[in-house]
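Open the model in your viewer and switch on the cartoon view. This tour tells you what to select next and what is there.

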Amino acid sequence: MKFARIAALSSVFLVVQTLMAVAGDCTTGHGAQMKVEGVATGLSARISTNPAIVSVGSPFSASVVICGAKGTAIERFTIDATMPRHRHGMNYKPKIVSGAKHTYEASGLFFHMPGLWRFEVTVQAKQKRQRFTYDVDVK
């Protein structure tokens, strides 16, 4: 009986540790914090690219983690990139794959010219719609 309680408590402790690690990834995890646009909904986002340094004329992928959506289903996720100074976007539409723990992988991204590019991510999650941006200077 005593052994069963210890085993059960150990299992609970392991689950709590795992949940805390997942929650911690949102604030200190891999990638750069994206800027919240519009009215804040409590959601936040982090973005990273592969390769880490994106260059003109080379395809790349991006990984985006949506934070603060614990227990909330993400109904819609979009990602795009534009050149604000030129008022145009990419010539390609990325393929988006949903992963575990509110992570989204976008492949087929391609910057066709140098300059300032702005990633734009929009998330719809149960009565919450949030837009995020992140600027990168591509050479």
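Two strands pair if DSSP finds at least two bridges between them. Helices (H or I, at least four residues) and strands (E, at least two) are DSSP runs, numbered from the N terminus. This is a predicted model, in which local features need pLDDT of at least 70 and side-chain atom pairs count only at pLDDT 80 or more, while totals for chains, interfaces and linings use all residues. Residues are numbered from 1 along each chain as its sequence is written, and side-chain values use heavy atoms, with hydrogens and water left out.

**Stop 1: the whole chain**

Colour by secondary structure. The protein chain has 1 helix and 10 strands. Along the sequence, the pattern reads α-β-β-β-β-β-β-β-β-β-β. Now show the surface. About 8,900 Å² of the protein chain is accessible, and 59% of that belongs to carbon and sulfur atoms. Accessible areas come from the Shrake-Rupley method with a 1.4 Å probe; for residues, only the protein chains shown count as cover.

How much of the chain is buried? Of its 139 residues, 32% count as buried. Buried means under 20% relative accessible area, exposed over 50%, and partly exposed in between (1.4 Å probe, protein chains only).

Contacts come next; a contact means heavy atoms within 4.5 Å. Take those between residues at least 6 apart in sequence: 57% join residues at least 24 apart.

**Stop 2: one open sheet**

Select β1, β3, β4, β8 and β7. These 5 strands form an open sheet in the order β1-β3-β4-β8-β7, with antiparallel pairing. Its edge strands are β1 (32-33) and β7, each pairing on one side only. Strands of a sheet pair through backbone hydrogen bonds, either parallel or antiparallel.

Zoom in on β3 and β4. They pair in the antiparallel sense over 7 bridges. Pick A45: its bridge partner in β4 is I66.

Move to I96, in strand β7 (residues 95-98). I96 counts as partly exposed because its relative accessibility is 33%. Leaving out residues up to four places away in sequence, I96 touches F77, T78, I79, Y104, E105 and A106. Try a distance too: the C-alpha atoms of I96 and G108 are separated by 9.0 Å, and the two residues are 12 apart along the chain.

**Stop 3: another open sheet**

Select β2, β10, β9, β5 and β6. Here 5 strands form an open sheet in the order β2-β10-β9-β5-β6, and the pairing is antiparallel. The edge strands are β2 (35-37) and β6 (88-89), and each pairs on one side only.

Go to the β6 edge. Strand β5 (residues 74-83) is joined to β6 by 2 bridges, and the two run antiparallel. In β6, H88 is the bridge partner of M83.

Cross to V36, in strand β2. V36 counts as partly exposed because its relative accessibility is 32%. Not counting residues up to four places away in sequence, V36 touches L43, Q130, R131 and F132. The C-alpha atoms of V36 and T133 are 6.8 Å apart, though 97 residues separate them along the chain.

Is T122, in strand β9, buried or exposed? T122 is buried because its relative accessible area is 16%. Beyond residues up to four places away in sequence, T122 touches R76, F77, T78, R129, Q130 and R131.

**Stop 4: the aromatic rings**

Show the side chains of Phe, Tyr and Trp. Their rings (for Trp, the six-membered ring) pair if the centres lie within 6.5 Å; planes under 30 degrees apart count as stacked, over 60 as edge-to-face and the rest as tilted. A search of the whole structure finds 6 aromatic pairs.

Select F60 and F111. They form a tilted pair, 4.9 Å centre to centre with 55° between the planes. This pair links distant parts of the chain: F60 is in strand β4 (residues 60-67) and F111 in the loop between β8 (103-109) and β9 (115-125), 51 residues apart. Both F60 and F111 are buried.

Add W117. F111 and W117 form a stacked pair, 4.4 Å centre to centre with 20° between the planes. W117 is buried, as is F111. Finally, add F119: ring pairs link F60, F111, W117 and F119 into a cluster.
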